[in-house]
Amino acid sequence: MYIKINFNLKSKHAVCLILIMASILLIASNTLSQMGDLDPWEMKDKITKGIGVLVSYGTVSSQFPAWIERDAEVISDAGFQSIRIPLKVVEFSNNFTQDLGEDFFGYLDEIVEDCRAKNIAVAMVMESGAGNTTKEKFAEYWWQIASHYKEYSQSAIVFDLLNEPELDKNSPLGKNPDLLNEYMNEAITAIRMVSPKRYLLAGSIDYNAAEKLKLLDLPKDDIYILGSIHIYRPFSFTHAGYGGGGKGWPWDGCANLKNRIDIALNDAKRWSDDTGRPVIITEFGATDKCNQDDRIDWTYYVRSRAELKNIGWVVFSYTGPYAWGLFDVKDAQRPIAHPGVVNCLFNPVPPPGLSENIALKKKVTVSSKEHSEKIGSNLNDGDIYTRWASEGQVDIQWVEYDLGETYKITGVNIEWESADAKSYQIQVSDNGGPDGDWSDIYSTTEGDGGRDSITGLSGKGRYIRLFMTERGTDWGYSVWEFAVFADTTTPDAKNTVEKQDIATKKSGVSRIAISGDLISGLTTHGDFLPVDFSVVTGAQIDESVVEVILYVDVMAKPGGNGSQEEPFQTITQALEAVTAFLKQEKPTRVVIQPGTYREGELNIPAQGKASYTLLIIEAAKPGSVVISGSDAYASDTWKPVMDEMDNIICYEHPWPYDFGFNPGGWKQNNPKYPYEHRSELAFVNGKPLRQIMLEVYEYKPPESKPFPEDTIIDPYPGVPQDINKHGIYTYVGMTDPEKLPPGSFGIAERDENGNRIYLRPPEGIQWNKAKIEVSVRRYLLWSKYKSNLVLRGLIFQHCAGPIESYGTVMIGRWWPEPEELTNRNILIEDCTFRYNNNNQLSIRYSQDVMLRRCRALYGAYGGITMDTVQNVLWEDTESSFNNWRVSGGWASGGIKIHNTLDMITRGHRAIGNDGVGLWYDISCGNVLVDSLIAIGNRIGLDWEISRGLHVRNSLFSANLQASVAIVSGSQVLMENNLMYGSPGLAHLILIKS
């Protein structure tokens, strides 16, 4: 058994024990040295040209076939020189002894010996499920395996410490690099006790992501550890049909998809250079749902680019649906290598420097642009979803790159959108610009669009441009990607790119202009680029086309048909009837009469034609219709709780729900306090009550080391675990409900506590006449795929949605299924969202959105959120007094917006939010904020990792930390604003995150 010993050097016995252990290690070291040492790079080469093997283990059931001797021959004949095989330790070990036993090693030994006979190295990788054990168990497994194979040479067996811990959702290691390092180092210590020079592979979090290698903390003096990464970019292509990959994006080798792979490989190469350790791609490939030729092309690109960067590779896999098209099942017993495997994995790789896009993210200048979204930098940003477009019906147009140094140009790749060029030239220059000395290195008058891959070019220059002289369509020109290739082996000039201004570099903020704050007037600073707001129109709804009107009245008799004379009694009935009309492409209006509708989890019908046919849902009188997430609990259904003197202290009611703790969408135990993880809300006469934690949980803050395996975590469903070391909760007992202060309530939903809700009304309330409401619904309305939708004059309140999860009202998908904007033309006006626990209105993956006179008030978590939305107009909206349950949470705000382009917010009010009043966070652009009032928030306005903001005519006052924060943002213009009374850091802060 593996035993970890802590020595006391003051003990003579300990000194003797150290000498004995040193002698044992010296003998083991000498034994291995006689095998012949390989240096790390030789070991990398030995593993390279490998393939993953998924097989069953003898008697253990599996979807994969059992290994047979002929497999080694098939793999060797195909050209592979190593295999990578998962170790199913959890299936074979005894939970009490961790003894892997003869069944495990006997079957594994057969594979090893078959491979040794063919000179195939075996990389043994610990399955992801092993990461759900303790560190001691994990190390014990590796100690047994290392001991069993300690006599084998370095070139025969390699240990891959842990495979993608995220695959096991119960693993504590999946998103915790510190904890993963502790597990790995414990295993390394155990392995080194018997195999000091056995080569090991180590990968980091996020499914062995290359960019996370830098988070590994490995023994610096142990040279026998290599880096392990997995490459499955772009995921929508490689995982088509599996694991959320959808139908699969076509590969076809276009430059911007290749850039995604290059970025990962560059991260791995950088880590290798910094640490001196080789890196191996231990998994890469594309599923059998992809086009066969695309799979082979993709596989060749990954393998060839890896070899150019001296990175090893092991393709995945030999059997099963993830055989990646490299084998054909033509034999009753075993697959036979597909001819394409030779081409994609074993063909010679072109020399370095001839296939790298040297223009990636270099400076771009264009002759014109159609509008602010279709900008020149889209040409070389590596993003398949962005493009440049010129102004229409003008023949002479050009795009120019400053490459930063002189290159010998060898080729270009142009990915045309439908608006292509019939005639164009590729030109190079030493000085560039409209008046530069340009020379043609390619010219055509027969352009036909699609992809133009032009090779064999010969020209030299720092500047290169695509010069278009005749349009191929009636429109202008549009290009997805313009890539440039060169011989980089012998650069002719040093990089002459001008250095950034030091102050700008330190702040992390570029192109910022600040003007007119505290005083009137306008002066510009920096190189702010004017943004184009003419493209922002919001929704365009033609309500005159309505053919069907349905009516709803909560006071109606059951059995109505939806007519004005016999209305439906519920909104649910109306939505069921709406489906048939929308499928017939009949635009429909639903008119709701005044009243409170205690309905929730309503879903807007949207399939086929119904997705695009106009639907209007409106209150007959704005503000008179309440869609409520709470149930009314009549006062006479509550049982009084008496003190010893028979005085009524509070009231109790059965509680059938088990909402439990919600850790938040990021699963980080954020926030710290148990109360902030709850979902319930209670109201008396419309006023919210304070929630008290009757069931008490002790919070233990994170320690430098994770909690031991035997720490008693209460099995109560939903209690947050100690993920990312944010601390842990343990149930400690029940508080006496008699201690509830006036105006409060508490939940006792554990079985041993009776499954009750306790409520003490505010003083002065006549209980028998009180209106008591308790939130019980998790969301109220969801329009997942509906375009052409109007919501008008409705109030949404009292939703018990969990923090960070979904929203009270949701427009669009919660996660991208494909990454496209499926909800278009959305108008929401005169609606109020109030006293809801989660984000009150969430709009995602949508386009052409308009909000008018909408208010989000008193949200326990957040006000309004948007993610991946384009063409948005907000007018006279408000988000105030939100974030009161989760104060200052980094994922909450009065308004929080991600990945949104072309947006105008005019006349918005953000008052008293215990978070950010108006927060643009990551990848927003072309945004105008006009006449904003931001008072008493934690931060008034936050512009983060985004580009293209114009703030004007706005008031910022008494915001706790800052009026405006610009965090790694750029191209910001502030004009004629007033800031005063900020008690925190400053009025305007610039931060590099």
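Reader: How many salt bridges does the structure hold?

Author: A salt bridge is a side-chain nitrogen of Lys or Arg within 4 Å of a carboxyl oxygen of Asp or Glu. The structure holds 37 of them. One thing up front: this is a predicted model, where local features need pLDDT of at least 70 and side-chain atom pairs count only at pLDDT 80 or more, while totals for chains, interfaces and linings use all residues. Residues are numbered from 1 along each chain as its sequence is written, and side-chain values use heavy atoms, with hydrogens and water left out.

Reader: Which residue does Asp-160 meet in a salt bridge?

Author: Its partner is Arg-84, at 3.0 Å from N to O. Asp-160 lies in strand 4 and Arg-84 in strand 2, so the pair ties together parts that are 76 residues apart in sequence. Strands here are DSSP runs (E, at least two residues), numbered from the N terminus.

Reader: Are Asp-160 and Arg-84 buried or exposed?

Author: Buried means under 20% relative accessible area, exposed over 50%, and partly exposed in between (1.4 Å probe, protein chains only). Both Asp-160 and Arg-84 are buried.

Reader: And what about Glu-752 and Arg-750?

Author: They form a salt bridge too, with the closest N and O atoms 2.8 Å apart. Glu-752 counts as exposed because its relative accessible area is 53%, whereas Arg-750 is buried at 9%.

Reader: Which residue pairs with Lys-896?

Author: That's Asp-921, and their side chains meet at 3.3 Å, N to O. Lys-896 sits in strand 46 and Asp-921 in strand 48, 25 residues apart. Lys-896 is buried because its relative accessibility is 4%, and Asp-921 is buried because its value is 6%. Salt bridges that share partners also make one network, whose members include Glu-543, Arg-589, Glu-618 and Arg-792.

Reader: Let's switch to rings. How many aromatic pairs are there?

Author: Rings of Phe, Tyr and Trp (its six-membered ring) pair if their centres lie within 6.5 Å; planes under 30 degrees apart count as stacked, over 60 as edge-to-face, and the rest as tilted. The structure holds 27 such pairs. Take Trp-638 and Trp-767: they are edge-to-face, 5.9 Å centre to centre, with 85° between the planes. The two lie 129 residues apart, Trp-638 in the loop between strand 25 and strand 26, and Trp-767 in the loop between strand 34 and strand 35. Trp-638 is buried, at 5% relative accessible area, and Trp-767 is buried at 11%.

Reader: What does Tyr-651 do with Trp-767?

Author: Those two rings are stacked, 4.0 Å centre to centre and 5° between the planes. Tyr-651 is in strand 27, 116 residues away from Trp-767.

Reader: Where does strand 25 fit among the sheets?

Author: Two strands pair if DSSP finds at least two bridges between them. Four strands form an open, antiparallel sheet in the order 25-35-28-29. Strand 25 and strand 29 stand at the edges, each with a single partner strand, so one side of each is left without a neighbour in the sheet. Strand 25 pairs with strand 35 over three bridges, and Ser-630 stands opposite Ser-775 in strand 35.

Reader: Which way do the side chains point along strand 31?

Author: They alternate: Glu-695, Tyr-697 and Tyr-699 point to one face and are buried, while Val-696, Glu-698 and Lys-700 point to the other and are not. Six bridges join strand 31 to strand 32, and the two run antiparallel. In strand 32, Met-734 is the bridge partner of Glu-695.
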